[in-house]
Amino acid sequence: MFKQFISKIPGADTYMATSFVIFAAFFALVSLYLIFADKKHLQHLSQLPLEDE
Amino acid sequence: MNVSSERPATTITPDRAKLGQPLSVPPTDGAGLPEHFAYDNRIVRDFGIATIIWGIIGMVVGVLIASQLFAPVANLGSQYTTFGRIRPLHTNAVIFAFVGNAIFMGVYYSLQRLCKARMFSDLLSKVHFWGWQLIIVAAVATLPLGMTTSHEYAELEWPIDIAITVIWVIFGINMFGTIIKRRERHLYVAIWFYIATFVTVAVLHIVNSFEMPVSLFKSYYVYAGVQDALVQWWYGHNAVAFFLTTPYLGMMYYFLPKMAGRPIYSYKLSILHFWALIFIYIWAGPHHLLYNSVPDWAQSLGVVFSIMLIAPSWGGMINGLLTLRGAWDKVREDAILKFMVVGLTAYGMATFEGPMLALKNVNAIAHFTDWIVAHVHVGALGWNGFLTFAILYWLIPRMYKTPLYSKKLLNAHFWIGTLGILFYAIPMYISGFLQGMMWKQFTPEGLLKYPNFLETTLQLLPLHMMRAFGGVLYLTGAIMMAYNLFKTMAAGTLVANEPAEAPALAAVFVPTGQDTYWHRWIERKPMPLLVGSLVVILIGTMVELIPTFMVKSNVPTIASVKPYTALEVEGRDLYIREGCVNCHSQMVRPFRSETERYGEYSKAGEFVYDHPFLWGSKRTGPDLHRVGGKYPNAWHFHHMHEPVSMSPGSIMPPYPWLLTQKLDVELTTKKLLALRSVGVPYEDETIANASADMQTQAKTISADLAANGIKVQPDREIVALIAYLQRLGTDIKKIAP
């Protein structure tokens, strides 16, 4: 018979792992930004929808 | 449009004010003299009315198709109103007409105010509005006629696909034009969601619409089988993400603070869950194809990212619900906020349930059943429907400067709508679980307990009746809303051009302090935000799709699988026209319960010539992948003519027109050429002899029917359909042991 479900494809491990690392790095970068973000600035941003009241 | 009479007296020339163009004031970053301009409320109102009307139409069709599933007479005896043809009408009407118009209503209202600028171009706004309505009318006209690509939620044929692209680009130009001429330096998070929506829907729509036209209203996808399935569910899953979710999160981030009179709970959380959501969502598409003939690694990828998706999804829900902290007294009294709370709760439930359904053990039971229908409708009725209702109730009185006509009706709508959701979802959950378990149940002797598929369908009819009742309740609520809002409009006058003022931005912005941070930079720049969103969604897209296209071994070929004959191609197109895929799958999963019932499980290599794939997503009737050779031709003839004659109690509608309508063979050669151009290896000789071969095969079937006492001309549609059905899943049986 023939192979039905491919568990591996050449180079896929590196391919997917790289993408996952990109996501993790990006997520860490955004998290770091948020940790050190200026609270006053964020407060200003969160008020934007209420400004035209 | 009389704009000058509705604007306060100023020294601004009306035309410039109308367009919101900057005046000759010193360009400073919010510190200059105020500029006077007017928000365009008319376009918001127009999209609002379209939302209400199309919403009701979509829901009426929904109730009709729900009734067809327990009372076949509701198919109305016409080929234009059978379930297979109008189920796509329902999904297209509620997704693209109801939700689509609601998105544009919410975006056009909030974007102007968040940018402190009128929409970029009134003309583009109008072209967008009327273009979108024309597309919907085209859908209403073509789908009942059987003009469909059969890709779920992307059924419209190629000329309409092109029109959608053009109108979507017009929407994008109008949106980015407004953002560019804004008077607020920073882009509020709602706008990020709108930008991500725009760019991702554009990518999804274009990639999922690569079709080879045969005629004005017939085409074949360039993808086949496994690739086509992966593209379709990459699209389908992300249409839910970027059409039903991200624009609504954007609207939630604008309208909920307005309604509650307080800012969003955590702006930090909104940023974090925005990036995480758009990054992760795009990967999860293959969870629609678990245990199907797609590569194992793609299925696992879909499962992992679906589980990860809980975090950013719940980030949005929690952020919304916590915005109401300390304001729950308002919720008790304000039905608009009640709609928002139930909508957010439904979002939370659906986005928890989605990842659970992506677990293979749960999916094994839930897939192809009513469970998925329940899941989808918790999101659609609760999240999209209730948020839309809340925004309409909030917007219309404000734009007409008059109180809502009836708060009692508003309250009644909330309760009847909530009851409608419960009556819809609970029976469907029970039905789905029951159905999934019955399919899998064996006797102690090791035989299927319910070998006749119909037996499992008939058990569900009372639950389907309750579901339809739930739909009627929900529809009644929507009609009450329409009455309430139209009375409100009649009592007030539309402020078509709402006066506003804001100082212009400085022409050159000099960042200082934390303004130099990279994310602060992206918050000010729409284009990098667009590019960033695009890169993020393309990473997942490439990982999901490229290996399947690039690596040949991902789809093992089977030597005995051959292209369909000309008559079978025509029969397959009839199968597509009648929307058989809406009730019948062509995918036998590798479970004993399925191989016992249907035969050998489906292999990826069996679908290499299937443009499009027809695996389906719901089994109202049995799977058909191994139906070829299972019954004699005469059985199919009688079954299509009157299903109950072969399957007593069947809820399948009769298809008598197939017996009388002559098969249209005008395009047969063009069809084979088109299929060859997308990779089906038809020889020149096959194409040249298509007509003769077709007649020979049709005569053989006709003669067999005649031998069984059925007189039918070989040139009738039923003959081609039988040819296709008898071919299904048989190639693999030709392999020598």
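This report describes chain A briefly and then selected helices, loops and contacts of chain B in a predicted model.

**Chain A**

Two helices and zero strands make up the secondary structure of chain A. The chain has 53 residues, of which 11% count as buried.

**The nonpolar core and helix α3 of chain B**

The largest nonpolar core has 218 residues, and the members that touch the most others are B:Y108, B:I191, B:A390 and B:L721. Helix α3 (residues 83-115) of chain B supplies the largest share of this core, with 19 residues. Leaving aside residues up to four places away in sequence, B:Y108 touches B:I43, B:V44, B:F47 and B:M119.

Helix α3(B) also packs against helix α4 (residues 122-142) of chain B, with an angle of about 170° and axes 10 Å apart. The pair is therefore roughly antiparallel, since an angle over 145 degrees is counted in that way. On the α3(B) side the contact is made by B:L89, B:N92, B:F96, B:A97 and B:G100, and on the α4(B) side by B:W132, B:I136, B:A139 and B:V140. By class, seven of these residues are nonpolar, two are polar and none is charged. An α-helix has 3.6 residues a turn, so residues three or four places apart point the same way.

The loop between α3 and α4 of chain B holds B:K116. This residue is not a glycine, yet its phi is positive at about 50°. B:K116 counts as buried because it has 24 C-beta neighbours inside 10 Å, and the cut-off for that class is 20 or more.

**A perpendicular helix pair**

Helix α21 (residues 566-577) of chain B packs against helix α26 (residues 668-677) of chain B at an angle of about 90°, with the two axes 10 Å apart. That angle makes α21(B) roughly perpendicular to α26(B). B:A566, B:V569 and B:E570 of α21(B) meet B:T668, B:K671 and B:L672 of α26(B) in this contact. Three of the contact residues are nonpolar, one is polar and two are charged.

**Helix α13 of chain B**

Helix α13 (residues 335-357) of chain B has 23 residues and spans 32 Å from its first C-alpha to its last, close to the 33 Å expected at 1.5 Å a residue. Of its 23 residues 17 are buried, so α13(B) is largely enclosed by the rest of the structure.

**Backbone exceptions**

Most residues other than glycine have a negative phi, and most peptide bonds are trans. B:F368 is an exception in phi, with a positive value of about 75° although it is not a glycine. The residue lies in the loop between α14 (360-366) and α15 (370-399) of chain B. B:F368 counts as buried because 23 C-beta neighbours lie inside 10 Å.

The peptide bond from B:H611 to B:P612 is cis, with omega near 0°. B:P612 sits in the loop between α22 (592-598) and α23 (633-641) of chain B.

**Partly exposed residues and their distant partners**

Three partly exposed sites are paired below with residues that are remote in sequence.

| Residue | Partner | Separation in sequence | C-alpha to C-alpha distance |
|---|---|---|---|
| B:S647 | B:N452 | 195 residues | 9.7 Å |
| B:K360 | B:Y291 | 69 residues | 7.8 Å |
| B:G628 | B:D731 | 103 residues | 9.5 Å |

B:S647 belongs to the loop between α24 (643-646) and α25 (657-660) of chain B. It counts as partly exposed because it has 18 C-beta neighbours inside 10 Å.

B:K360 is part of helix α14 of chain B. Its 14 C-beta neighbours inside 10 Å are why B:K360 counts as partly exposed. Beyond residues up to four places away in sequence, B:K360 touches B:L290, B:Y291 and B:V303. Its partner in the table, B:Y291, is thus among the residues in contact with B:K360.

B:G628 lies in the loop between α22 and α23 of chain B, as does B:P612 of the cis peptide bond. With 17 other C-beta atoms within 10 Å, B:G628 is partly exposed. Again leaving aside residues up to four places away in sequence, B:G628 touches B:L725, B:Q726, B:R727, B:L728, B:G729 and B:T730.

Conventions
Residues numbered from 1 in each chain as written. Chains lettered and ligands numbered in written order. Predicted model: local features only at pLDDT ≥ 70, side-chain atom pairs only at ≥ 80, totals over all residues. Helix = DSSP H or I, 4+ residues; strand = E, 2+ residues; numbered from the N terminus. Buried ≥ 20, exposed ≤ 12 C-beta atoms within 10 Å, placed from the backbone. Axes fitted to C-alpha atoms, helices over the stretch in contact; angles between N-to-C directions. Parallel < 35°, antiparallel > 145°, perpendicular 65-115°, else oblique. Contact = placed C-beta atoms within 7 Å. Nonpolar A, V, L, I, M, F, W, Y, C, P; charged D, E, K, R; others polar. Expected span 1.5 Å × (residues − 1). Core = buried A, V, L, I, M, F, W, Y, C linked by C-beta atoms within 7 Å.
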